[in-house]
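Reader: I should like to go through this model and ask, for each label, on what grounds it was given. Please set each value beside its criterion before drawing a conclusion.

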Amino acid sequence: MNTGDGINRRMITISIMLATIIQALDGTIANVALPHMQGSLSASQDQITWVLTSFIVAAAIATPLTGWLCDRYGQKNIFLASVAGFTAASVLCGLSSSLTEIVIARLLQGVFGAALVPLSQATLLDINPREKHGSAMAVWGMGVMIGPILGPTLGGWLTDSYNWRWVFFINVPVGALAFYGIWRYIRPAEAPRKMRFDAFGFITLSLAIGSLQMLLDRGEQNDWFGSTETWVEAILLAVSFAWFVGHTWTTPPGQSFFDYRLLKNRNYVSGLLFIFIVGLVLFATRALTPTMLQGLMGYPAAVAGLVTAPSGLGTMLAMLVVGRLVGRFDLRLLLATGFAITAFSLWQMSRYTLVLSQSDIVWPGVIQGLGLGLVFVPLSAATFATLSPAMRAEGTAIYSLVRNIGSSIGIALVQTLLVRNTQSMHASLVEKVNIANPALLNNATTPDAALALNNEITRQASMIAYVDDFWLMTLMTLAVIPLLLLVRPAAKPDAAASHAAMD
């Protein structure tokens, strides 16, 4: 990709990061507006969740298409189409007057937005010499991270100050600026190739990904395998993925939907494993903390957003620093430090009780942000350090897909354990309540008093369940550190390598 001078490179970076931010933002910004949408669109609580599910499933299915689309139509053209389609779909979301309309518009948002994050990563790697890949990935990581961090807070403010429709309308000016910048400053270096489309591979992979996302998103609501729907999704997942693997393995490279030569790159495969863990830990923890603060400690949504937002400051600070360290220190050392700091913050969270000050919440979040920032940048640099530029578009798409699947599995896992551990701990605590206790005899004889006692037992049981989830995240983070031995130390860039990265 031809970038021209340094001014062009900076303008390209700004433009593509604007596109990345609005896509990352829309994964969480609509969450807090759901109750308002529910009343406005006359939907039940079960139905309104399709506003989130439709976006997640569509984005997951469309993400693997990125590599083929770029090869077939050109990276700049796909970038422009994605930004324009995502912005137009955002307008349709804001104008929706029924549940059907907004679900269709969110599907379109997911389809067009799927390519934005992997394309921004691939573009930053293309326009920067190899010795600047660390700094480039720091910028990219801040864009990806800012969405989940600011989404709930910004969504709550827009909904309260205006209405839920502005959660989507805010994308329009940002999308317009991103579109102009990409159109004006990116100059493609080579003509698109006429790539064959592997329809069977795409259909089987789409069925597998869609079934997995539906299973994870609706599993807890459907009582998992106590539901026929979950069984159908699990069987469809297993069969379609088996067909996809068999088909891909027996189809020559360049003719299959997924280029399995990516899996021969050890650094890339190791990076997929680690970004799966990062997605699982990061988003699972982000999903736990706000519900704990609002459900158990009575925090308003705005205050819960304010005390959790500083973790994003930790992430951005770490990324600014670590971007300059990549290339000077062994990437494995930086990754091990980041995972260790993240594990320490999760251990602090595992010591939470129902009596917490705001600083008790802010500082573990900041420390976790520092750890994740130290992981995210060197991990991205290490994953693509030995991958050829020709395979970056497809490689970054799979990288983003694996991160999203990890986050979906993590959220489903911790939510399921939270519900089940709360139930089991409630039963265990009830067994220890002795009705012969004089305090209970004097104060818990009325229905209201008995209800208050049960509510307090439920609060205590829920707090124990949250602590168990934080312990699980701690152990998972520690367990991944020895796997860093799978990562090869990156070779120091030379002039030839830097020049090749620019071409």
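**Grounds for the labels**

Author: In the protein chain, 53% of the 503 residues count as buried. The model is a predicted one. The chain has 22 helices and zero strands. Among its contacts with a separation of 6 or more, 84% join residues 24 or more positions apart.

Reader: Why is serine 96 called buried?

Author: Its relative accessible area is 1%, and the label buried applies under 20%. Serine 96 is therefore classed as buried. The residue is placed in the loop between helix H6 (75-95) and helix H7 (99-113).

Reader: What makes the approach of serine 96 to isoleucine 102 a polar contact?

Author: The side chain of serine 96 comes to 3.4 Å from the backbone nitrogen of isoleucine 102. The limit for a pair of N or O atoms is 3.5 Å, and the distance of 3.4 Å falls within 3.5 Å. Beyond its neighbours within four places in sequence, serine 96 is also in contact with several residues, among them Leu41, Trp164 and Arg165.

Reader: How do you know that serine 240 is buried?

Author: Serine 240 has a relative accessible area of 5%. As the class requires a value under 20%, serine 240 is buried. This serine belongs to helix H13 (residues 228-249).

Reader: Which backbone atoms does the side chain of serine 240 reach?

Author: One is the backbone oxygen of leucine 236, at 2.5 Å. Another is the backbone oxygen of leucine 237, at 3.3 Å. Each distance is set against the cut-off of 3.5 Å, and both 2.5 Å and 3.3 Å lie within it. Not counting residues up to four places away in sequence, serine 240 touches Thr204, Leu207 and Ala208.

Reader: What makes the pair of glutamate 456 and arginine 459 a salt bridge?

Author: The side chains of these two residues meet at 3.0 Å, N to O. The rule asks for a side-chain nitrogen of Lys or Arg within 4 Å of a carboxyl oxygen of Asp or Glu, and the pair satisfies that rule. By this rule, the count comes to one salt bridge.

Reader: Why are glutamate 456 and arginine 459 separated by about one helical turn?

Author: Both lie in helix H21 (residues 447-480), three residues apart, and so about one helical turn separates them.

Reader: Why are glutamate 456 and arginine 459 called partly exposed?

Author: The relative accessibility is 32% for glutamate 456 and 28% for arginine 459. Partly exposed covers the range between under 20% and over 50%. Glutamate 456 therefore counts as partly exposed, and so does arginine 459.

Reader: On what grounds is the lining of the largest cavity described by class?

Author: The structure holds one cavity of 30 Å³ or more, and the volume of the largest cavity is about 30 Å³. Its lining consists of Ile277, Val278, Val281, Phe339, Thr342, Leu372 and Thr477. Ile, Val, Phe and Leu count as nonpolar, whereas Thr falls among the polar residues. The lining thus has five nonpolar, two polar and no charged residues.

Reader: Which helix gives the most to this lining?

Author: H14 does, with three residues. Helix H14 (266-296) and helix H17 (331-349) each supply at least two residues.

Reader: How do you know that phenylalanine 258 and isoleucine 361 are buried?

Author: Phenylalanine 258 has 12% relative accessibility and isoleucine 361 has 3%. The threshold is under 20%, so phenylalanine 258 counts as buried, and isoleucine 361 does as well. Phenylalanine 258 sits in the loop between H13 and H14, while isoleucine 361 lies in helix H18 (residues 358-383).

Reader: Which residues does phenylalanine 258 touch, not counting residues up to four places away in sequence?

Author: Phenylalanine 258 touches Phe244, Thr248, Leu263, Glu394 and Ile398. Its C-alpha atom is separated by 8.8 Å from that of aspartate 198, 60 residues apart along the chain.

Reader: Why is proline 173 called partly exposed?

Author: Its relative accessibility is 48%. Exposed requires over 50% and buried under 20%, so proline 173 counts as partly exposed. Proline 173 is in helix H11 (residues 171-185).

Methods:
Residues are numbered from 1 along each chain as its sequence is written. This is a predicted model: local features need pLDDT of at least 70, side-chain atom pairs count only at pLDDT 80 or more; totals for chains, interfaces and linings use all residues. Side-chain values use heavy atoms; hydrogens and water are left out. Helices (H or I, at least four residues) and strands (E, at least two) are DSSP runs, numbered from the N terminus. Buried means under 20% relative accessible area, exposed over 50%, partly exposed in between (1.4 Å probe, protein chains only). A polar contact is a pair of N or O atoms within 3.5 Å; within protein, one must be able to donate a hydrogen and the other to accept it, and residues adjacent in sequence count only if both atoms are side-chain atoms. Contact means heavy atoms within 4.5 Å. On a 1 Å grid over the protein atoms alone, a cavity is a set of points where a 1.4 Å probe fits but cannot get out, and a pocket is an open set with protein on both sides within 12 Å along at least five of seven lines; lining residues have an atom within 4 Å of a point. Grid points are joined across faces, edges and corners, and a volume is the space filled by probe spheres set on the points.
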